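The exercises below ask you to work through a protein model step by step. Try each task with the sequence and the structure in view before you read its solution.

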Amino acid sequence: MSELAARPAGAVVGRRMPHESAVQHATGVATYTDDLAARRAGVLTAWPVQSEHAHARVRLDVAPALEVPGVVHVLTADDVPGVNDAGTKHDEPLFPDEARYHGHALAWVLGESAEAARRGAAAVRIEYEPLPSIVTIAEAIEAGSFQGFAPTVQRGDAASALATAPHVFEGESVVGGQEHFYLETHASLAHVDSEGQVFLDSSSQHPSETQEIVAHVLGVPSHRVTVQVLRLGGGFGGKEMQPHGLAAIAALGAVRTGRPVRLRLTRTQDLTMTGKRHPYHATWRAGFDDDGRLLALEATLTADGGWCLDLSEPVLGRALCHVDNAYWIPDVAVHGRIAKTNKTSQTAFRGFGGPQGMFVIEDILGRVAPQLGLDAATIRERNLYRPGQTTPYGQEVRHAERLHEIWQRLRTESAFDDRRAEIARFNAGSPDVKRGLAMTPVKFGISFTFTAYNQAGALVHVYKDGSVLVNHGGTELGQGLHTKMLQVAATALGVPFTAVRLAPTRTDKVPNTSATAASSGADLNGGAVKHACDQIRDRLAEVAAAHLGGDPGDIRFADGVVASSATERAMAFAELVETAYHERVQLFAAGFYRTEGLGWDPATMQGTPFKYFAYGAAAAEVEVDGFTGATRLRRVDIVHDVGDSLSPLVDLGQVEGAFMQGAGWLMLEELRWDETDGPGRGRLLTQSASTYKLPSFSELPDELNVHFLERAREDGAVYGSKAVGEPPFMLAFSVREAIRDAVAAFGPTGRSVELASPATPEATFWAIEAARAAGAPSTPADEPTSETTDAAASVTAGT
């Protein structure tokens, strides 16, 4: 496997290359799925008929819609020739007779224009028979409303260890969901060609699964459906499972009407119809020794899965596997379960449960550190994994020494200790504005926990003029995957970057693809592209050896020149290809890659689910306004492990973007649902950019320093690189912990600070008020009641 990681002289990988579509993005000429509709004649638009109840039996009368000018057809369950289901768990009826959440699509109107379709949808008559609904995790727990599996990750005897631990704390940790808010909403364009093939352009992260779902809805074999993905305007996991049913609607409409059908959700439709990051609720008990070392952890994590399973089970599995984050916990018992609620079906989101799992342990450490009389950074450092230790699910934490190297380098380069002293002086003289500083680590496992997904294919063509065309199974979401694949192919064949072109991802070129997810796009597809290129290069080396002298092993490919080290003779790559063609040498190849070394038993939650771990750490400094709770991010320092980067400029953007997206989740982005018993119960209240707060330029840190760990080659990964899509997201825990540190400065020392998540200005303000109240002189009127005392104890109990 080290051969896969080895880099030849003159490698194109490792160079700072701009994104291959950067100019098109910046100038607006990049084509996306819905842009294609304008180039076709006779395209119909699909518009949803959405439920106005969170849970109700429904009866539809679509006849009035057909009387609306411009309406061509209304799709209902009667139109489905195959299976009326849009999911892989058979729990997602494409046309339901029971609305399961507010905004649920009950039927779809096809119109000559978007306006005609919209008017038609408004004309559909719906009879509702309201049913009881569950909107919150707390309601689901009380009602016993759960779905899917309920796994446990455990090691040792946590109960016994807690019984003898010198210090035991218990509490609850609650973290909210997050809207993907990709720039391009969900979109599909379908038509039926002259041979009866259904051709779909889809904004999908998983084109093969889109193909399978469309095929079973239409009742045809997969070879009758082709899915193409040009590029996505963002995905972040939200287009891994959710596009399938929408593509099926477009395909069904095209089959029923014989005309092309476009489906593009408006922003409000996208927000109200599609899944988000899972909110989590956790109860826990944690044991520590006098030095702040973790001895044991018992926890129960409840995920809000929404109305159907979607990807909630693997998301929960990854959450349980990441509760430890970067810390050794000798005795562990962590249980998981999935709440079934009447909300959108929550789905994949960058980190895929890992952030929610890590949130629990980071919240615990941040809350208990003051009560142990220790600095939170000290506790975190003392508990970092060390070489030879294993995770609670039994996998060795390989290269654990990198965690300590990263931590020490970050502490030095960020001047952490000096700045702590400066902040203490500032806070002492500033009663109304406080600053905080915190460091947090990241250990994130890379691979799909569903082992079968850890495979990829590629198809590489070399043409007679020496130009190269690459097809692979990954999709370009803006993350730079295509850029990296161009660099991999150019390196493997020894040609210039400009000699290689990427073709759009298509299921009839590379079949049975895995989702572009789990941060594995470059690992899997890069391995497949390199395998295909290696086959072609080896064939060409035979031809070159015959013409240049020496053995095939003496032939070197670099910068478009092929040379023999034995004879020092050389020829242009294009000349060699032309020669090979005339000698009838195959100039194309199918590549395949499967991740080796994996072994995972989901029944016991034990094994080796990950190829490797990506490491990192961040130090964040914030300033918090005591009057408003508003937070300003003053400085962030990051040291992150990307192995030997395939494309440093792309990876830098990924680290910066992931960090800010994580900061948005923990600081700003609050999803609110109507939890009242009124007619709007279950309705998403934050259904536009005006009510859902996203990070913007004003939230960027005043100073952002990002450094990659050096000498970090990962054997067994393509050209020694490491995944970078998801791991940096969790670096943002440093921001939340810095806010906690600043809030603590408003109150007495040694007090545990409870901080809501997201720590919005409102939530931060109330945390500040609680800190001030704790430090105020006690008077009879200020004495807490037994009710408030009991409430506080239920959240955090001391030793």
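**Exercise 1.** Does Ser208 count as buried or exposed, and what is its relative accessibility?

*Solution.* Keep in mind from the start that this is a predicted model. Begin by placing the residue: Ser208 lies in helix H7, which covers residues 207–218. Next, compare its accessibility with the cut-off: a residue is called buried when its relative accessible area is under 20%. Ser208 has a relative accessibility of 2%, and therefore it counts as buried. Then look at its surroundings, where, leaving aside residues up to four places away in sequence, Ser208 touches Thr507, Pro511, Asn512 and Thr513. With one of these residues there is also a polar contact, since the side chain of Ser208 comes to 2.8 Å from the backbone nitrogen of Thr513.

**Exercise 2.** Check whether the length of helix H16 agrees with the span expected from its number of residues.

*Solution.* Helix H16 runs over residues 521–548 and so has 28 residues. The expected span takes 1.5 Å times one less than the number of residues, which gives 40 Å for this helix. The C-alpha atoms at the two ends of H16 are 38 Å apart, and this agrees with the expectation. As a further step, consider how far the helix is covered: 20 of the 28 residues of H16 are buried, so that the helix is mostly covered. Just after H16 comes Gly549, which takes a positive phi of about 95°.

**Exercise 3.** Describe the open sheet that contains strands S22, S23 and S24, and find out which strands stand at its edges.

*Solution.* First establish the order, which is S22-S23-S24 with antiparallel pairing. Strand S22 (555–558) and strand S24 (570–572) each have a single partner strand, so they stand at the edges and one side of each is left without a neighbour in the sheet. Neighbouring strands of this sheet are turned against each other by 20° on average, with direction ignored. Now look at one pairing in detail: S22 and strand S23 (residues 561–564) run antiparallel and are joined by 4 bridges, and in S23 the residue Ala563 is the bridge partner of Arg556. Finally, add helix H17 (residues 573–582), which packs on the sheet, touches S22, S23 and S24, and has a direction at about 85° to that of S24.

**Exercise 4.** How many disulfides does a search of the whole structure find?

*Solution.* The search finds 0 disulfides. Two cysteines can then be examined for burial: Cys308 has a relative accessible area of 1% and is therefore buried, while Cys533, at 0%, is buried as well.

Terms used: Residues are numbered from 1 along each chain as its sequence is written. This is a predicted model: local features need pLDDT of at least 70, side-chain atom pairs count only at pLDDT 80 or more; totals for chains, interfaces and linings use all residues. Side-chain values use heavy atoms; hydrogens and water are left out. Buried means under 20% relative accessible area, exposed over 50%, partly exposed in between (1.4 Å probe, protein chains only). Two strands pair if DSSP finds at least two bridges between them. Axes are lines fitted to C-alpha atoms, for helices over the stretch in contact, and angles run from 0 to 180 degrees between N-to-C directions. Contact means heavy atoms within 4.5 Å. A disulfide is a pair of cysteine sulfur atoms within 2.5 Å. A polar contact is a pair of N or O atoms within 3.5 Å; within protein, one must be able to donate a hydrogen and the other to accept it, and residues adjacent in sequence count only if both atoms are side-chain atoms.
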